[in-house]
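Biologist: I have a structure to go through. Before I use any label on it, I want the reasoning behind that label.

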Amino acid sequence: MSKLIHKEIDLAGKKLVLETGELAGHANGSVLASYGETVVLATAVSKQAPPDVDYFPLAVDFEEKLYAGGRISTSRFIKREGRPSETSVLAGRLIDRSIRPLFPGDYQAEVQVIITVLSFDEENNPDIVSLIAASAALTISDIPWNGPIAGVKVGKQNGGFILNPTESELEFSEMELVIALSKDEIVMVEAGAKQVEDAKVVEGLKFAMEEGQNVIKLIEDFAKVAGCEKQKYQPAKLEVSLQSKVKDYIQTNFMKGFDKDSLNENWFAESAKKLEEEFIKDSSDENKVTAKALAGLLEEAVAAKLRDDILVGKKRPDGRSPDDIREISIKVPVLPRTHGSAIFQRGETQVLSIATLASPALEQLIEGMYGEDTKRFMHHYNFPPFSTGEVKRLGSPGRREIGHGALAEKALAPVIPSIDVFPYTIRVVSEVLSSAGSTSQASVCGSTLALMDAGVPIKEPVAGISIGLITDKSDKGKYVLLTDIAYQEDAQGDMDFKIAGTKNGITAIQMDTKLSGISL
C-alpha cells in the first residue's frame with residue numbers, strides 16, 4: 001500500500017479534504033474527497049483508443065449509492081442500484097462539461113472518470129466535491145490535462161452571497177450558481193435563478209472566481225506531493241505532403257460552397273465521411289490515415305473560415321450579422337385533445353411542446369440516496385433522429401435528452417404557480433421536429449406557450465436563446481459574440497451560452513466552451 005497523502009483547507013466553515021495513496025491503486029489517478037460528512041471517490045483511467053475513432057472518447061460516470069445516505073430501496077424485488085438516476089446523469093454531465101475543454105486537442109487515448117458517492121450527509125450536495133475530486137484525480141494522474149480547475153457553488157440570500165450553500169440554505173436562496181474555473185478564467189457555468197437581474201449574476205461570478213482560488217491552490221499543493229509525470233504521446237499526424245493534399249481537397253470540395261452547404265446539421269459529418277472514402281482506402285501501414293486525423297483537418301478549415309468571415313467580415317454563414325436573430329414563428333394551439341400545445345420555430349429549429357395537467361396525486365415520486373421526494377412540475381425533451389434527417393435506432397432517453405429537458409425545467413420552474421394557487425400536477429413534453437441549433441432554448445419558448453395555452457397562470461413568460469463566441473486564436477482580446485447560434489457556429493464555434501429568463505431577470509444559464517476558459 002502506498003503512503004497516504006492528505007491535504008485540507010477550511011472552505012465556507014467546513015473542512016475540504018483530499019487524500020490519495022490508500023484506495024484504488026490501479027487507477028491512473030484516484031482521490032478520496034470529503035466535505036462535511038459527504039465523501040466521494042474519484043478515479044481517472046486511460047487506455048489507447050482504437051485508431052478509427054474520430055472523436056475524443058471521454059466518459060464521465062457519476063455513481064450514486066443508496067448506502068451513501070443509509071438507505072435500502074423500497075422496491076420489494078430489486079434492492080441493488082439500477083440505471084443512473086436523473087440527478088446522477090446531470091451531475092456527470094456537469095463534470096464532463098467542466099473537464100473536457102482542458103484535455104489537449106491532439107490527445108487520443110480513451111479516458112474514463114468515475115465518481116462514486118460513498119457518504120452523503122444530506123446537507124452538502126456531492127456535486128461540487130465530486131467536481132473538485134475529479135479535477136484533483138486528473139491533476140495528480142499521468143493523463144495529460146491542463147488543469148487544475150475548481151468547482152464552486154454560490155447561493156444568494158438577503159442581498160448577499162453564500163459560498164457552497166447547504167441543501168437547507170438553498171431552499172431559501174434566490175439563485176444556485178455552479179462554476180468551474182481556473183486561475184484566470186471560467187470554464188463552465190450552470191445556474192438556476194428566481195428571476196435574478198443580470199448584474200447580480202455577474203457579481204456572483206466574481207464572488208465565485210475569488211473564492212475558487214483557495215481550491216485551486218489546494219489542488220496545486222496536493223499535486224506537488226502526489227502528482228506524477230504526464231504521459232508522453234505521439235498525436236497521429238498525416239505526412240506533410242498528404243496533409244497538404246487533404247487540405248487542398250477540403251478547400252476544393254467543401255469550403256467553396258460552405259455558406260450554403262453548411263446550413264445543414266449533418267454537413268460536417270457527411271463531409272468527413274467523404275474525406276474518409278477518398279483517403280483511407282489508399283492509405284498504407286507506413287502512412288496510416290485515420291478518420292480522426294481527417295476530421296481534425298476539416299475542423300481546422302471550418303474554424304478558420306468562420307473566424308475569417310465573422311471576425312473580419314462580420315458575416316455569418318447564413319448571412320446574418322452577429323446580433324441578428326433568425327425569423328421566429330409561433331402556432332398555438334396545435335392539437336385538439338391535449339390540454340395545451342404550441343409550435344415554436346426559430347429559423348429551421350422547430351419544437352412542438354405539449355402541456356398535460358392532472359391531479360396532485362400524480363406527482364412524480366423520486367427515490368435515491370437523498371431519500372424520497374415528489375415533483376409536481378416536469379419537463380421532458382425528446383430528440384428523434386428525423387429532426388436532423390438521420391436514421392437511428394430509437395431507445396430510452398440519453399444523457400443529452402435528460403440534460404436538455406432538465407435545463408428547460410430549471411428555466412420554467414420559477415414561474416410555475418404554487419400548489420395552493422394552481423392545484424395540479426403539470427407535465428410538459430418538448431418534441432424536437434427540426435434541429436438547426438439551440439433546440440433546448442426553443443423548448444423553453446415553446447413550453448411557455450403550451451403552459452399558457454393550457455391555462456396555467458404562470459407568473460411571467462420565459463424565453464431562452466443561445467449565445468455563441470468566435471475568438472481570434474492569436475489575440476484573445478479579439479472576439480465576436482453571436483446571438484442565436486445555428487449550424488456550424490454551434491458545432492465548431494468556441495462557446496454555447498444558453499440563457500433563459502423573463503423580462504425581470506434570469507432563470508437559467510448553461511455555458512459550455514471548447515476553449516480552456518473564458519475571461520470574466
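Modeller: Keep in mind that this is a predicted model. Let us start with a strand pair. Strand E3 and strand E4 (residues 38-48) run antiparallel and are joined by seven bridges.

Biologist: What makes E3 and E4 a pair?

Modeller: Pairing takes at least two bridges. E3 and E4 have seven, so they pair. One partnership is Gly 29 with Ala 44 in E4. Two residues lie between the strands in this hairpin, and Gly 36 has a positive phi near 65°.

Biologist: What joins E3 to strand E2 (residues 14-20)?

Modeller: Four bridges do, and the two strands run antiparallel. Glu 19 stands opposite Leu 32 of E3.

Biologist: Why is strand E3 (residues 29-35) called mostly covered?

Modeller: Seven of its seven residues are buried. Gly 29, Val 31, Ala 33 and Tyr 35 point one way, while Ser 30, Leu 32 and Ser 34 point the other way. In a regular strand, side chains alternate between the two faces of the sheet.

Biologist: Now the aromatics. Why is the pair of Phe 120 and Tyr 370 called edge-to-face?

Modeller: Take distance and angle in turn. The ring centres are 4.9 Å apart, and the limit for a pair is 6.5 Å. The planes stand at 65°, and edge-to-face means over 60 degrees. So the pair is edge-to-face. The whole structure has 12 aromatic pairs.

Biologist: How do you know that this pair links distant parts of the chain?

Modeller: The two residues are 250 residues apart. Phe 120 is in the loop between strand E6 (109-119) and helix H2 (126-140). Tyr 370 is in the loop between strand E14 (364-368) and strand E15 (371-375).

Biologist: Is Phe 120 buried or exposed? And what do you call Tyr 370?

Modeller: Phe 120 has 7% relative accessibility, so it counts as buried; the cut-off is under 20%. Tyr 370 has 30%. That lies between 20% and 50%, so Tyr 370 counts as partly exposed.

Biologist: What makes you say that a charge sits over the ring of Phe 383?

Modeller: The charged end of Arg 400 is 4.1 Å from the ring centre. The distance limit is 6 Å, and the charge must also be within 35 degrees of the ring normal. Arg 400 is listed as sitting over the ring.

Biologist: Why is Glu 185 called buried?

Modeller: Its relative accessibility is 14%, and buried means under 20%. So Glu 185 counts as buried. Glu 185 lies in the loop between strand E9 (175-181) and strand E10 (186-196). Its contacts beyond four places in sequence include Met 209, Lys 476 and Ser 516.

Biologist: And why is Thr 166 called buried?

Modeller: Thr 166 has 11% relative accessibility, so the cut-off of under 20% is met. Thr 166 sits in the loop between strand E8 (160-163) and helix H3 (167-170). Thr 166 touches Lys 14, Glu 123 and Asn 124, leaving out residues up to four places away in sequence.

Biologist: Last topic, cysteines. How many disulfides does a search of the whole structure find?

Modeller: Zero. A disulfide is a covalent bond between the sulfur atoms of two cysteines.

Biologist: Which labels go to Cys 228 and Cys 445, and why?

Modeller: Cys 228 has a relative accessible area of 41%, so it is partly exposed. Cys 445 has 8%, so it is buried.

How values were computed:
Residues numbered from 1 in each chain as written. Predicted model: local features only at pLDDT ≥ 70, side-chain atom pairs only at ≥ 80, totals over all residues. Heavy atoms only, no water. Phe/Tyr/Trp six-rings, centres within 6.5 Å; stacked < 30°, edge-to-face > 60°. Buried < 20%, exposed > 50% of the residue type's maximum accessible area, 1.4 Å probe, protein only. Contact = heavy atoms within 4.5 Å. Disulfide = S-S within 2.5 Å.
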